[in-house]
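User: I should like to learn how to read a few features of a protein model, taking each idea in turn. Please show me the structure and then guide me through it.

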Amino acid sequence: MFDTAYAAECFRELLKGVPATINITILSVLLGLIVGYLFAFFRIKKVPLLRTIVSLLVSLIRSTPILVQLYVVSYGLPRIIAFVHSDPTLVSKVSIVPMRTAVITFTIYAAAYFSEIYRAAYYGIEDGQLEAARSLSLPEPVVLFRIIVPQAVGSVIPNLSNSVIDILKNTSLVYTISVMDIMAKAAVVASIRFKYIEVYVDALLIYLLLGIAFMLFFAVIEKILGKRKFCR
């Protein structure tokens with residue numbers, strides 16, 4: 001039988017892992033928006049070498065599981081640091097902070113997907129409008145904020161919302177690198193009395209509530225932008 005009292009007790013314990021989950025999600029999204037813009041810029045403007053590097057990186061990120069990426073960053077960072085400092089002994093001396101590793105990994109992950117969202121929005125704008133702007137010799141910032149952004153934001157927000165929810169769900173894997181998030185708390189609590197169904201139903205409910213909260217946030221943003229005639 002489902003132990004409701006135990007589930008309620010465990011729910012409060014699992015809530016202690018929510019800050020870690022939210023911090024990783026928000027930090028990686030904010031940083032990913034910036035890095036993703038740079039990725040998209042390099043590819044749209046066809047910047048030599050950087051365009052090729054970014055294209056390969058984006059393809060790599062999109063084609064591999066985030067869990068594998070977490071392990072690669074977690075075990076690879078000490079080697080990269082040792083290589084940069086030309087000191088092989090640093091591999092065993094460098095202490096990797098799980099939380100930072102998670103943020104770095106998810107930032108790169110987010111940037112890869114956000115860059116594709118930016119590119120799709122950019123190429124969705126009619127060529128005639130961009131050509132007209134260039135014929136008038138309008139500065140790039142003016143073209144960006146007066147022509148591109150008002151039209152692109154309508155398609156960016158829904159896609160961005162989907163990607164953020166996806167990142168939130170994927171943070172459930174960071175417990176594998178010792179980050180005490182919701183799933184890590186669930187694993188610890190469930191192992192005490194071996195009542196797994198109660199604990200993981202709690203975890204499901206918490207992720208559901210967080211997902212709904214993020215969806216409502218983006219719905220409000222989309223509504224606000226729609227009133228300002230940013231959205232189509």
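Analyst: The discussion below takes up salt bridges, a helix and a surface patch. This is a predicted model, in which local features need pLDDT of at least 70 and side-chain atom pairs count only at pLDDT 80 or more, while totals for chains, interfaces and linings use all residues. Residues are numbered from 1 along each chain as its sequence is written, and side-chain values use heavy atoms, with hydrogens and water left out.

User: How many salt bridges does the structure hold?

Analyst: Side chains of opposite charge can pair when their charged atoms come close. Here a salt bridge requires a side-chain nitrogen of Lys or Arg within 4 Å of a carboxyl oxygen of Asp or Glu. The structure holds five. One of them pairs Lys16 with Glu13, at 3.2 Å from N to O.

User: Is Lys16 buried or exposed?

Analyst: Buried means under 20% relative accessible area, exposed over 50%, and partly exposed in between, with a 1.4 Å probe and protein chains only. Lys16 counts as exposed because its relative accessibility is 53%, whereas Glu13, at 28%, is partly exposed.

User: Which parts does the pair of Glu116 and Arg43 tie together?

Analyst: Helices are DSSP runs (H or I, at least four residues), numbered from the N terminus. The side chains of Glu116 and Arg43 meet at 2.6 Å, N to O. Glu116 lies in helix α6 (residues 98-123) and Arg43 in helix α2 (residues 18-44), so the pair links parts that are 73 residues apart in sequence. Glu116 is buried at 18% relative accessibility, and Arg43 is buried at 14%.

User: Which residue of helix α6 also forms a salt bridge with Glu116?

Analyst: An α-helix has 3.6 residues a turn, so residues three or four places apart point the same way. Arg119 forms a salt bridge with Glu116, with the closest N and O atoms 3.3 Å apart. The two are three residues apart in helix α6, and therefore about one helical turn separates them. Salt bridges with shared partners join Arg43, Arg62, Glu116 and Arg119 into one network.

User: What span should helix α9 have?

Analyst: The expected span is 1.5 Å times one less than the number of residues. For the twelve residues of α9 (residues 182-193) this gives 16 Å, and the end C-alpha atoms are 18 Å apart, which agrees. Buried residues in α9 include Ile182, Met183 and Val189. Just after α9, Phe194 takes a positive phi of about 55°.
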